[in-house]
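Hi,

Here is the structure I promised to pass on. Have a look at it first, and then read my notes underneath.

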Amino acid sequence: QVTAVESGGGLARPGDSLRLSCVASGRLASTLSMGWFRQAPGNEREFVAAIDSSASKTFYADSVKDRFSIFRDNAKNTIDLQMNSLKPEDTAVYYCALGFISGTILRGIHWGQGTQVTVSL
């Protein structure tokens, strides 16, 4: 069974930075691509960023490109999402996911419970 646990959410002001982390476990975790999705109140869950199993390719939603960076440590089965220049519209619950890359996004199969990120003055 593959599981994912997120950490690092919280409250930030516009322009601030936050770093999210996700620890995956399970025999197949290292073979899967990993990434982040987010869901704001009243909105559908949307893709944010992903990194393939070898940590050689990264993918970003247009809304976060140039502000967010995703990193992977396969020795620890972890991914981090460095979020810079945060905006109020980045406010959402952020979910870690493991799955497969399809085109330029991640198709999530296994999901974490989510961590809240709130960007407000």
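Below is what I found, starting with the whole chain and then going through some strands and loops.

One thing to keep in mind throughout: this is a predicted model.

**The whole chain**

The protein has 11 strands and 0 helices, so to speak a run of β elements from the N terminus onwards. As for overall size, the C-alpha atoms fill a box of roughly 40 × 25 × 25 Å along the principal axes. Does the radius of gyration agree or disagree with a compact globule? It agrees, because a compact globule of 121 residues would have a value near 14 Å and the protein has 13 Å.

Buried residues make up 41% of the 121 residues. If you look at contacts with a separation of 6 or more, 55% of them are between residues 24 or more positions apart. On the outside, the protein exposes about 6300 Å², and carbon and sulfur atoms supply 48% of that. There are 12 positive and 11 negative side chains, with the centres of the two sets 4 Å apart.

**Strand β3 and its partners**

I'd go to β3 next, which covers residues 18-25. One face of this strand is covered and carries Leu-18, Leu-20, Cys-22 and Ala-24. The other face is uncovered, with Arg-19, Ser-21, Val-23 and Ser-25.

β3 pairs with β1 (residues 3-7) through 5 bridges, and the two run antiparallel. In that pairing, Ala-24 of β3 has Ala-4 opposite. β3 also pairs with β8, again in the antiparallel sense, over 6 bridges. Which residue of β8 is the bridge partner of Cys-22? That one is Ile-79.

**Asn-77**

Asn-77 sits in the loop between β7 (68-73) and β8 (78-83). Is this loop residue buried or exposed? With the limit for buried set at under 20%, Asn-77 counts as buried because its relative accessibility is 15%.

Leaving aside residues up to four places away in sequence, Asn-77 touches Cys-22, Val-23, Ala-24, Ala-29, Ser-30 and Met-34. Among these, Cys-22, Val-23 and Ala-24 also appear in the two faces of β3. Val-93 is another matter: Asn-77 is 16 residues from Val-93 in sequence, and their C-alpha atoms are 22 Å apart in space.

**The β9-β10 hairpin**

Strand β9 (residues 92-102) and strand β10 (residues 105-111) run antiparallel, joined by 6 bridges. Leu-98 has His-110 in β10 as its bridge partner. There are 2 residues between the strands of this hairpin, and Gly-103 takes a positive phi near 70° there.

**Two loop residues with positive phi**

Asp-66 and Ser-85 are worth a click too.

- Asp-66 is in the loop between β6 (58-60) and β7. Its phi is near 80°, a positive value in a residue other than glycine. Asp-66 is exposed, as its relative accessible area is 78%.
- Ser-85 is in the loop between β8 and β9. Here phi is near 50°, again positive in a residue other than glycine. Ser-85 is partly exposed, with a relative accessible area of 40%.

That's the tour. Shout if anything is unclear.

Cheers

Technical notes. Residues are numbered from 1 along each chain as its sequence is written. Side-chain values use heavy atoms; hydrogens and water are left out. Helices (H or I, at least four residues) and strands (E, at least two) are DSSP runs, numbered from the N terminus. The radius of gyration is taken over C-alpha atoms; the globule rule is 2.2 Å times the number of residues to the power 0.38. Buried means under 20% relative accessible area, exposed over 50%, partly exposed in between (1.4 Å probe, protein chains only). Contact means heavy atoms within 4.5 Å. Accessible areas come from the Shrake-Rupley method with a 1.4 Å probe; for residues, only the protein chains shown count as cover. Lys and Arg count as positive and Asp and Glu as negative; His and the chain ends are not counted. The place of a charge is taken as NZ of Lys, CZ of Arg, CG of Asp or CD of Glu. Two strands pair if DSSP finds at least two bridges between them.
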